[in-house]
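Welcome! Here is a short guided tour for someone meeting this protein for the first time. Please keep the sequence and the 3D view open as you read.

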Amino acid sequence: MKQLKKIAAAVLIAAMLCLLLPQLGVNAEALKRGSRGDLVRQLQTRLRSWGYYSGAVDGVYGAKTESAVRAFQKRNGLTADGIVGQKTAAALGLNLPSSTGGGSAASSNGNLYLLARLVHGEARGEPYKGKVAVAAVVLNRVRSASFPNTIAGVIYQSGAFDAVSDGQINLAPDDESIRAARDAMNGWDPSNGCLYYYNPATATSRWMLSRPVLLRIGAHAFC
């Protein structure tokens with residue numbers, strides 16, 4: 001009888017954990033309506049800072065959060081289902097744990113792929129060193145107090161990159177762009193710490209054109 005009670009208690013505890021863990025955001029494969037917790041707060045904070053979300057940052061994935069996710073997905077060429085799965089999380093720069101763990105690795109890979117997409121959109125056709133330099137500028141901004149402190153935050157900052165504005169960020173990066181992003185994330189910075197770059201042949205911003213050029217790589221001037 002005591003053995004049966006122990007088994008029954010274990011089954012009850014397991015059932016309760018199955019109900020509670022998704023609410024706590026632990027090992028969730030996706031964020032969707034009804035999800036709660038810190039990951040949802042991170043999601044809402046990012047969507048709000050980028051102008052997609054105007055509701056409360058309360059950690060509750062409700063209708064407004066779902067609508068904001070759909071808007072973000074449509075803008076960035078993702079399936080607009082209102083659910084934050086691995087692809088949407090990667091575009092957002094969120095660390096979304098998988099059901100088997102490895103969340104940190106997933107976040108790292110997501111940041112790499114997002115950075116590679118930016119490189120492909122901004123520096124396609126540039127020499128390899130120039131591609132790494134573009135990626136390095138993004139990472140330099142992440143480290144600067146004047147910019148958002150995440151790769152996704154820097155890339156999706158309003159008006160920051162033409163590739164985001166014209167949709168080229170949604171193109172699949174080639175192998176060279178991925179390697180360039182990885183080299184930059186591993187510490188190579190051909191820009192020598194620059195926070196900006198532009199193409200003198202196409203740039204129209206007087207402010208950008210007035211900045212002192214520190215070096216040139218391919219068609220880009222870095223400053």
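Among contacts in the protein between residues at least 6 apart in sequence, what percentage join residues at least 24 apart? The answer is 55%. Please keep in mind on this tour that the model is predicted.

## The overall plan

Let's begin with the parts list. The protein contains ten helices and three strands. Following the sequence from start to end gives the pattern α-α-α-α-α-α-α-α-α-β-α-β-β. There are 223 residues in the protein, and 43% of them count as buried.

The largest nonpolar core is made up of 56 residues. Leu43, Leu118, Ile155, Tyr156 and Phe222 are the ones with the most contacts inside it. Helix H6 gives the most to this core, contributing eight residues.

## Helix H2

Helix H2 covers residues 38-49, twelve residues that should span 16 Å at 1.5 Å a residue. The C-alpha atoms at its ends are 16 Å apart, so the model agrees with that expectation. Its buried residues are Leu39, Val40, Leu43, Gln44, Arg46 and Leu47. Looking down the axis of H2, you find these buried residues within an arc of 165°, so they line one face of the helix.

Which helices help to cover the buried residues of H2? The cover includes helix H3 (63-75), helix H4 (86-92) and helix H7 (151-155). One of the buried residues of H2, Leu43, is also among those with the most contacts inside the largest nonpolar core. Just after H2 comes Gly51, with a positive phi of about 85°.

## Helix H3

H3 can be checked in the same manner. Its 13 residues should span 18 Å at 1.5 Å a residue, and its end C-alpha atoms are indeed 18 Å apart. Buried in H3 are Thr65, Glu66, Ala68, Val69, Phe72 and Gln73. The arc they cover around the axis is only 160°, which puts them on the same side of H3. On the other side of H3, Lys64 and Lys74 are exposed.

H2 and H4 are among the elements that cover the buried residues of H3. Just after H3, Gly77 takes a positive phi of about 70°.

## Helix H6 and the sheet

H6 has 16 residues, which should span 22 Å at 1.5 Å a residue; its end C-alpha atoms are 23 Å apart, in agreement. Is H6 largely enclosed by the rest of the structure, or largely open? It is largely enclosed, because 13 of its 16 residues are buried.

The three strands form an open sheet in the order E1-E3-E2, with antiparallel pairing. Strand E1 (197-198) and strand E2 (215-217) are the edge strands, each pairing on one side only. E2 pairs with strand E3 (residues 220-222) in the antiparallel sense over three bridges, and Arg216 stands opposite Ala221 in E3. Helix H6 (residues 128-143) lies across E1, E2 and E3, and runs at about 45° to E3.

## Lys131 and Ser177

Now for a closer look at two residues that touch. Lys131 has its place in helix H6, while Ser177 lies in helix H9 (residues 175-185). Are they buried or exposed? Lys131 has 4% relative accessibility and counts as buried; Ser177 is buried too, with a relative accessible area of 0%.

Leaving aside neighbours within four places in sequence, Ser177 is in contact with Ala116, Val119, His120 and Lys131. On the same basis, the contacts of Lys131 include Val119, Asp174, Glu176, Ser177 and Ala180. Val119 therefore appears in the contacts of Ser177 and in those of Lys131. The C-alpha atoms of Lys131 and Leu118, 13 residues apart along the chain, are separated by 9.7 Å.

## An exposed asparagine

Our last stop is in the loop between H9 and E1, where Asn192 lies. Although Asn192 is not a glycine, it has a positive phi of about 60°. Is Asn192 buried or exposed? With 65% relative accessibility, Asn192 counts as exposed.

Technical notes:
Residues are numbered from 1 along each chain as its sequence is written. This is a predicted model: local features need pLDDT of at least 70, side-chain atom pairs count only at pLDDT 80 or more; totals for chains, interfaces and linings use all residues. Side-chain values use heavy atoms; hydrogens and water are left out. Helices (H or I, at least four residues) and strands (E, at least two) are DSSP runs, numbered from the N terminus. The expected span of a helix is 1.5 Å times one less than its number of residues. Buried means under 20% relative accessible area, exposed over 50%, partly exposed in between (1.4 Å probe, protein chains only). The arc is that of the directions from the helix axis to the C-beta atoms. Contact means heavy atoms within 4.5 Å. Two strands pair if DSSP finds at least two bridges between them. Axes are lines fitted to C-alpha atoms, for helices over the stretch in contact, and angles run from 0 to 180 degrees between N-to-C directions. A nonpolar core is a set of buried Ala, Val, Leu, Ile, Met, Phe, Trp, Tyr and Cys residues joined through side-chain atoms within 4.5 Å.
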